[in-house]
Amino acid sequence: GRSGALMLGRFPDATFQSFHLEADAFEAALAADESGSALLEAAALDPRVEWRVFVVLVAGVGGAQAEQMLSRLQRRFPDSAIVGGVSQAAFARCQATGQVKSSESCVAGMAMAGEVPLQALVSRGTFPLGPAFQVTRKAHARAPESEADRYVILEQCRAVGGDGGGDQGGGGGGGDGGDGGNPQMPAMEAVSQAARQIDQALHPQMIYLGLKEVGLKEKVGASSARSRGYELHPLGRGMFQGGGIVVPDPLGTLGAQDSKLEMRFFQLGEAACKEDVRLQLGRARDQLGAEGKQAMGALLFSCGGRGPHPFGGQKMMDATAFSQVFPGSPMAGFYAGGEIGPMALALPAHGSSSSVATQTGGAALQGFTCVFGLFSVPAESKRASSLLPSTLDQTEEGLARYLAHRSSKPAQTPPRARSNATAAVAQGGATAAGASPQVPSEEEVRALSVRELKALIARAGLGAVDCVEKAELVERALEAKGALELKLELAAMSFGAAPGQGDRESN
């Protein structure tokens with residue numbers, strides 16, 4: 001049946017702009033030039049802005065045209081993250097008119113600039129077919145009808161090490177010392193060797209050519225992912241030309257003279273898909289932790305072949321994996337007829353030595369992947385008193401007065417018994433005539449009933465409609481406690497007295 005999902009977020013340091021292009025306008029923009037300028041103009045996107053993230057929905061537009069769009073956006077903004085998917089229809093707010101447009105034949109989405117807390121994460125799931133090969137001779141070419149369409153032709157190679165083992169990372173580093181004296185061979189011979197190891201019971205048509213950069217320090221940008229794992233390219237008959245393997249190279253990085261490549265062939269497998277998404281999400285969680293961040297939510301564009309039906313022995317496998325690795329984090333998305341994101345990687349079975357899991361650049365229209373757009377924020381402080389009321393003077397002088405007051409205030413008297421705190425909460429205010437309302441201690445808050453917790457939250461002017469479990473009410477009540485304590489301190493500052501004395505001294 002039909003359904004929808006909505007996820008709200010606020011990003012004050014980012015700039016957002018939606019775009020919507022009907023198919024005819026989209027095709028005209030692609031035909032106008034190859035630099036991407038016409039595409040940005042048609043989408044009403046300021047070319048002077050350094051757009052860092054694009055969320056793209058494609059409906060009723062050919063795959064070749066979608067690939068052209070991604071290639072031009074990526075050349076114009078090489079380090080941007082582009083995520084999205086192919087859908088039956090798409091809608092977006094028109095920048096010029098402010099109206100929402102919907103169509104079954106369009107390209108729509110959102111461009112983001114500034115401090116955008118979104119990072120792309122891609123997973124597929126494959127296992128290796130035979131050894132890795134060091135590419136010993138390659139050439140580069142351009143399509144005759146388009147100077148912007150680049151390719152690299154893999155012509156000669158030699159096997160790395162012995163039999164290559166079973167590790168997806170494979171290889172012996174790709175250097176001259178790792179080939180064990182193996183002879184050179186045409187690249188097509190390596191294809192033949194891999195074909196003999198295809199498991200006919202496991203998606204025999206889903207074979208990939210993996211390319212990895214070796215012998216170079218990990219780089220920043222579009223090609224850095226190839227130093228962490230094998231970039232997976234679907235292997236098709238159209239790639240076999242003139243005795244070599246022709247691979248698209250839109251950014252011209254594969255054919256660069258200083259790029260040393262290692263190739264290996266892979267096959268899709270359900271068990272590998274289940275393991276890879278778990279591995280990738282776990283690495284992303286570790287990366288965010290190392291950066292002092294936490295996941296705030298995610299967008300998910302998953303292949304319709306991976307769910308929602310059981311795949312890898314589990315329904316909604318990708319969404320379930322996310323909820324297990326990031327429990328409590330919201331997520332929204334859909335099952336796509338093609339996924340947009342950085343090229344999927346085949347990582348070593350033991351993981352990657354890199355501390356980076358997310359990717360930028362190199363976006364493509366892919367199949368049988370899941371693409372996450374991870375929203376992250378700095379790890380939240382657990383101090384309940386960090387909640388500042390809107391009445392606080394946040395000028396430099398005002399904050400200085402507040403900090404000076406906090407450092408010079410006398411020690412607080414011991415908290416009253418729980419019965420007094422409960423009475424203050426239940427009565428919504430004073431515990432005795434003329435006295436300031438008492439704020440319970442953290443221990444007293446944790447001992448309150450559900451009704452008393454809600455009363456304390458309301459007393460601080462906070463809401464609790466989104467709190468389902470009592471543990472959530474307790475956390476919100478601790479925030480309320482901090483807010484009430486701060487209000488008392490600010491009130492005391494206004495009267496030149498310590499907290500709890502302001503009312504008596506002003507009478």
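1. Phe-368 counts as buried, at 10% relative accessibility, in what is a predicted model. The residue is placed in the loop between S20 and S21. Its phi is near 55°, a positive value in a residue other than glycine. This backbone value deserves mention alongside the burial of Phe-368.

2. Phe-368 also has an aromatic partner, Phe-311: the two rings form a tilted pair, with 5.5 Å centre to centre and 55° between the planes. Phe-311 belongs to the loop between strand S16 (293-303) and helix H6 (317-325), and Phe-368 to the loop between strand S20 (363-366) and strand S21 (370-378), so the pair ties together parts that are 57 residues apart in sequence. Both Phe-311 and Phe-368 are buried.

3. The loop between S16 and H6 has a further feature in its backbone. Gly-307 and Pro-308 are joined by a cis peptide bond, with omega at about 5°. Pro-308 has its place in that loop between S16 and H6, where Phe-311 also lies.

4. Positive phi is found at His-203 as well, where the angle is near 45° in a residue other than glycine. His-203 is located in the loop between helix H4 (187-195) and strand S11 (207-213).

5. What are the buried residues of H6? They are Met-317, Asp-318, Ala-319, Ala-321, Phe-322 and Val-325. The list includes Asp-318, which the program of side-chain classes counts as charged. These buried residues pack against helix H5 (270-290), S16, strand S17 (331-336) and S21.

6. The packing of H5 on H6 can be described in detail. The two helices meet at an angle of about 35°, and their axes are 10 Å apart. H5 passes H6 in a right-handed crossing. On the H5 side, the contact is made by Cys-273, Lys-274, Val-277, Leu-281, Gly-282 and Arg-285; on the H6 side, by Met-317, Asp-318, Ala-321, Phe-322 and Val-325. By class, the residues of this contact are seven nonpolar, one polar and three charged.

7. Phe-322, one of the H6 residues in the contact with H5, is also part of an aromatic pair. The ring centres of Phe-322 and Phe-326 are 5.2 Å apart and the planes are at 40°, so this pair is tilted. Phe-322 counts as buried at 1% relative accessibility, and Phe-326 counts as buried at 7%.

8. How many aromatic pairs does a search of the whole structure find? The search gives eight. Elsewhere, Phe-11, Phe-16 and Phe-375 form one aromatic cluster. A ring also takes part in an arrangement with a charged side chain: Lys-212 lies over the face of Tyr-230, at 5.5 Å from the ring centre.

9. Three residues may be considered together with their partners in space. Is Asp-24, in helix H1 (residues 23-32), buried or exposed? Asp-24 is exposed, with a relative accessible area of 56%. Its C-alpha atom is separated by 9.8 Å from that of Val-61, which is 37 residues apart from Asp-24 along the chain.

10. Ala-64 lies in helix H3 (residues 63-76) and counts as exposed, at 57% relative accessibility. The C-alpha atoms of Ala-64 and Leu-365 are separated by 9.1 Å, although these residues are 301 residues apart along the chain.

11. Asp-249 is found in the loop between strand S14 (244-248) and strand S15 (261-268). Unlike the exposed Asp-24, Asp-249 is buried, with a relative accessible area of 3%. Between the C-alpha atoms of Asp-249 and Ser-71 the separation is 9.7 Å, and the two residues are 178 residues apart along the chain.

12. For the chain overall, the model contains twelve helices and 21 strands. Of its 507 residues, 47% count as buried. Among contacts between residues at least 6 apart in sequence, 78% join residues at least 24 apart. The pair of Phe-311 with Phe-368 offers one case of parts brought together across the sequence, at 57 residues apart.

Technical notes: Residues are numbered from 1 along each chain as its sequence is written. This is a predicted model: local features need pLDDT of at least 70, side-chain atom pairs count only at pLDDT 80 or more; totals for chains, interfaces and linings use all residues. Side-chain values use heavy atoms; hydrogens and water are left out. Rings of Phe, Tyr and Trp (its six-membered ring) pair if their centres lie within 6.5 Å; planes under 30 degrees apart count as stacked, over 60 as edge-to-face and the rest as tilted. Helices (H or I, at least four residues) and strands (E, at least two) are DSSP runs, numbered from the N terminus. Buried means under 20% relative accessible area, exposed over 50%, partly exposed in between (1.4 Å probe, protein chains only). A charge sits over a ring if NZ of Lys or CZ of Arg is within 6 Å of the ring centre and within 35 degrees of the ring normal. Contact means heavy atoms within 4.5 Å. Axes are lines fitted to C-alpha atoms, for helices over the stretch in contact, and angles run from 0 to 180 degrees between N-to-C directions. A crossing is left-handed if the near helix is turned anticlockwise from the far one by less than a right angle, and right-handed if clockwise.
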